[in-house]
Amino acid sequence: MSPALTTEAGLFPQAGLYNRAGLYLRSGFAPLDLNPLLAYDAESSMVAPFEQPTLDLDPSNPSSLDIITATRAGVATYTDANGVVQSASADTVRVDHVDGVPMILVEPAATNRFTHSEGVNNYSNLGKANCSYSVDSNPFGGFSASCKITSNTFTSSYVRAVLQFYSVSGESNYFTFRVKKKSGWFLNAQSGNGTSPSSVILDLSGAGYISSSGTTASSYLVKEFNDYYLVGIETLQTGTTTAGLLNLQFYNNSSLANYDLDTVEEFFVTGIQWENNSTVATSYIPTSGSTVTRAADNLVISGSDFTDFFNSGGDGTFYAEAVFRQDNNGDGQSLLYGQSLNYRFLYGWDGVMRAYDGATIASTIPTMFTVGNLTRTAVTFNSSTIGISLDGSSTSSVSHNGNLSSANELNIGNAPNDNLNGHIKRIIYWPYHSDDL
Amino acid sequence: MALNLSDLTSPSTSDDVLSDIYTTADQGDGIALMIDLSDNEIDATQSTALYQPVAYVNSVDGTFARFDGIDDRMSFTLASPIINGTVFFATKNGCHSAAINLVAGTHDFTANELSSVSYGSSNDLVALYLFDYAVPEAQISQLTSYVVSKGAAENSSP
C-alpha cells in the first residue's frame, strides 16, 4: 500500500509553502492522507461504554440489515440511488431512496387497479379528445414501458388525455403517474367526478409544482426525479355516478388558456397507478392486463438475532428516524413493536409518538410530527419508567410495568392493524436507559 | 456524550447521529472503544471497566486517553501481518515512531506500549497510527506537526 500524494522521495511537489527543511506544508494536512492501516485520534475515537449501541440498522450500510428476517409474498418495487424504479424479490428488505437518501421502505398491502401500467394504450377506458396513445420504446426508469400521448393539431383547445375509472361515491382514490419534463409546457392534472374535483398544476419545464385545488387539495404529491415528475393526486368520489376521470390537460402557457396547435406534440406519461380507498401513494405496482396487489412488508428480528442485541429483562433505549406518509391508520403507524400489543416501543398516533406497555401510554403530546418530513424519535425504559421524545422535545415519562424490557422480538414497521406506511432511515438501540430517567 | 433523549432527537443533531455520539466522550468516562478513523475499521476495544483508560476532554488538560500505567490497555485485531511497517505514538510528553512487524491476531496497546514493545513512557495517548509501509521521515515530520497541534508534545522526555 502506498501513501497518497507523495513522490518516491516522500516529498509533496505542489507549489506552496515549504518549511526550513524544504518540506511542503499543506494547511489542510490530515493523517488519513498518509493512508494509515489504523488511526486512533483521541479527539474523535474515544467512546465511553454507555454510548455503544448493540443494534444499528442503517440502510446506507446494507449489511447492517442482514439481521432482519423479511417476509413479503411476491415482488415489490423500490427506487434506487439513481432514481430508477427496480424490482425487489419476495422476502427481502426494500431499501428505497428518498431524494437520494437510502431508507427502509415499509408498506401495507396495496392494489393497483389501473390494469395497464405497462402501456396506457391498452387501457380500454380512454378518452381521446385530441390525441392518441401509444407505447414508447423509451423505458420508464429501466422498469416499465413509457406511454406516449401524441397530440393532433387543433384550434382553440388544449391537449387532453382522459382515463376513466369506476369508483363508488364516497370513496377516496389516489392516482400516481410519471410525466416527462417538456420545456415550455404546463400540466393541469384533474381527478374526480362530481363536485370539486382535485387538481394539481405543474410547470413541466423544471419548476414543478405550482398549485393545487379541490376537495382534497392538500393531498397531492409532486416529486422531481431525473427527467420526470412523479405526480400524486387524491380525489374523493362525490358524483352520483360510478365513473370518475383522470384528466391530463397540457397547456403551452402558464395561464392555462386555450391555444391553437399547429404542430404535433408528444408527451410521456407512464407508471400510472390507481389505489382505491387510499389517501396516499405507495410504491409503484406494475400491471399488465389485470389488477395487481403488492403484499405487506413484514420485517422482524427474532430468536438469537434478537437476544444478541437486546438487554432482556433490563433497560434499553431505541432511537429511530422515519418519514411517515400518514399520521394514523386505524390503530396507528407502528415503528417498533414487540411480540404483541402490550409491547409497543414506538408508534405514531394522530401525529404524536407513543409507547405502550399494555398498561400505560407514554406520549409526546403536544409535540407532533409532520407527515412527509423526517422525524427523530426515541424511547427509553428501565424497570419502572418509560420516557419518550420527538424532534427534540423534553422527555415525557410515565410508569412502566416492565413489559418493554421483556420483549422477545422486534418488528420493524409491521404490526397487526397498524402497519407503517413510510420510510425508516435509522434505528439504533442501546442496552441502557437514558440519563433522563 | 451522555445519552439524553431530547439531545438525541433534536433536529439540530447531525444526520449521522451515531457519529455525533461517538465523537463526544465525556471527561472522566472509561473508554470501551476507540474507533479506527481509517477505512479499515480496526477498532480497539476494552470491555472490562477495570482496564479501561479514562477520557480527558477539557480545556485545561486537552483531549487524550489516560492509561493508569498498571493494567489499563486496549486491543485490536489484525487480519493480516504487518511487515516493515511503521508505528507512531503521539503522547502528552512526546512522539515516537519506529519500524514494526506485527503478526496477524490480537494486539494490546497502552500509551507507551504496543504488543509488549515499549515506546516512550507517557500514560497519556493523543493519537496512535499504524502503517503497513515504511513511512518516510518527511511525512513523520508532517504527522508530528499535526499531532502537536492536537496537544501532543513534539519531543520525547528522557
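At 16% relative accessibility, A:K148 counts as buried, since the cut-off for that label is under 20%. In this predicted model, the A:K148 side chain meets that of A:E266 in a salt bridge, with 3.6 Å from N to O. The two ends come from distant parts of the chain: A:K148 sits in strand β12 (residues 144–151) of chain A and A:E266 in strand β23 of chain A, with their positions 118 residues apart. The acidic partner is not buried like A:K148, because A:E266 has 34% relative accessibility and so counts as partly exposed.

Another salt bridge brings A:E224 and A:K181 together, at 2.3 Å from N to O. A:E224 belongs to strand β19 (residues 220–225) of chain A, while A:K181 is in the loop between β15 (172–180) and β16 (186–191) of chain A, so the pair ties together parts that are 43 residues apart in sequence. Both ends are partly exposed: A:E224 has a relative accessible area of 47%, and A:K181 comes in at 25%. A:K181 has a further partner in A:Y229, lying over the face of that ring at 5.6 Å from its centre. Chain B has an arrangement of this kind too, with B:R66 over the face of B:Y56 at 4.5 Å from the ring centre.

A search of the whole structure turns up 16 salt bridges over all chains. One of them pairs A:R294 with A:E107, at 3.3 Å from N to O. This pair, too, links distant parts of the chain: A:R294 is in strand β24 of chain A, A:E107 is in the loop between β8 (101–106) and β9 (110–112) of chain A, and the two are 187 residues apart. A:R294 and A:E107 are both buried. They also belong to something wider, as salt bridges with shared partners join A:R72, A:R94, A:E107, A:R294, A:D297 and A:R325 into one network.

The loop between β23 (266–276) and β24 (292–294) of chain A holds A:S278. Is this serine buried or exposed? With a relative accessibility of 12%, A:S278 counts as buried. A polar atom of its side chain lies 2.7 Å from the backbone oxygen of A:V280. Leaving aside neighbours within four places in sequence, A:S278 is in contact with A:S172, A:N173, A:Y174 and A:E234.

Aromatic side chains also pair up, with 33 aromatic pairs found over all chains in a search of the whole structure. A:F306 and A:F309 make one such pair, edge-to-face, with 5.3 Å centre to centre and 75° between the planes. Both of these rings belong to buried residues: A:F306 has 0% relative accessibility, and A:F309 has 3%. Elsewhere, one aromatic cluster takes in A:F154, A:Y158, A:W185, A:F250, A:Y251, A:Y259 and A:F267.

As for chain A overall, the chain has two helices and 35 strands. Of its 437 residues, 54% count as buried. Among the chain A contacts with a separation of 6 or more, 67% come from residues 24 or more positions apart. Chain A exposes about 16,700 Å², and carbon and sulfur atoms supply 48% of that area.

A few spots in the backbone are worth a look. Most residues other than glycine have a negative phi, and most peptide bonds are trans. A cis peptide bond, however, joins A:I365 and A:P366, with omega at about 15°. A:P366 is found in the loop between β30 (361–363) and β31 (374–381) of chain A. A:D99 is not a glycine, yet has a positive phi of about 50°. The residue is placed in the loop between β7 (94–98) and β8 of chain A, and A:D99 counts as exposed because its relative accessible area is 64%. In chain B, B:S116 likewise has a positive phi, near 70°, in a residue other than glycine. B:S116 lies in the loop between β9 (113–114) and β10 (117–118) of chain B, and this serine is exposed, with a relative accessible area of 66%.

Terms used. Residues are numbered from 1 along each chain as its sequence is written. Chains are lettered from A and ligands numbered from 1 in the order in which they are written. This is a predicted model: local features need pLDDT of at least 70, side-chain atom pairs count only at pLDDT 80 or more; totals for chains, interfaces and linings use all residues. Side-chain values use heavy atoms; hydrogens and water are left out. Helices (H or I, at least four residues) and strands (E, at least two) are DSSP runs, numbered from the N terminus. Buried means under 20% relative accessible area, exposed over 50%, partly exposed in between (1.4 Å probe, protein chains only). A polar contact is a pair of N or O atoms within 3.5 Å; within protein, one must be able to donate a hydrogen and the other to accept it, and residues adjacent in sequence count only if both atoms are side-chain atoms. Contact means heavy atoms within 4.5 Å. Rings of Phe, Tyr and Trp (its six-membered ring) pair if their centres lie within 6.5 Å; planes under 30 degrees apart count as stacked, over 60 as edge-to-face and the rest as tilted. A charge sits over a ring if NZ of Lys or CZ of Arg is within 6 Å of the ring centre and within 35 degrees of the ring normal. Accessible areas come from the Shrake-Rupley method with a 1.4 Å probe; for residues, only the protein chains shown count as cover. A salt bridge is a side-chain nitrogen of Lys or Arg within 4 Å of a carboxyl oxygen of Asp or Glu.
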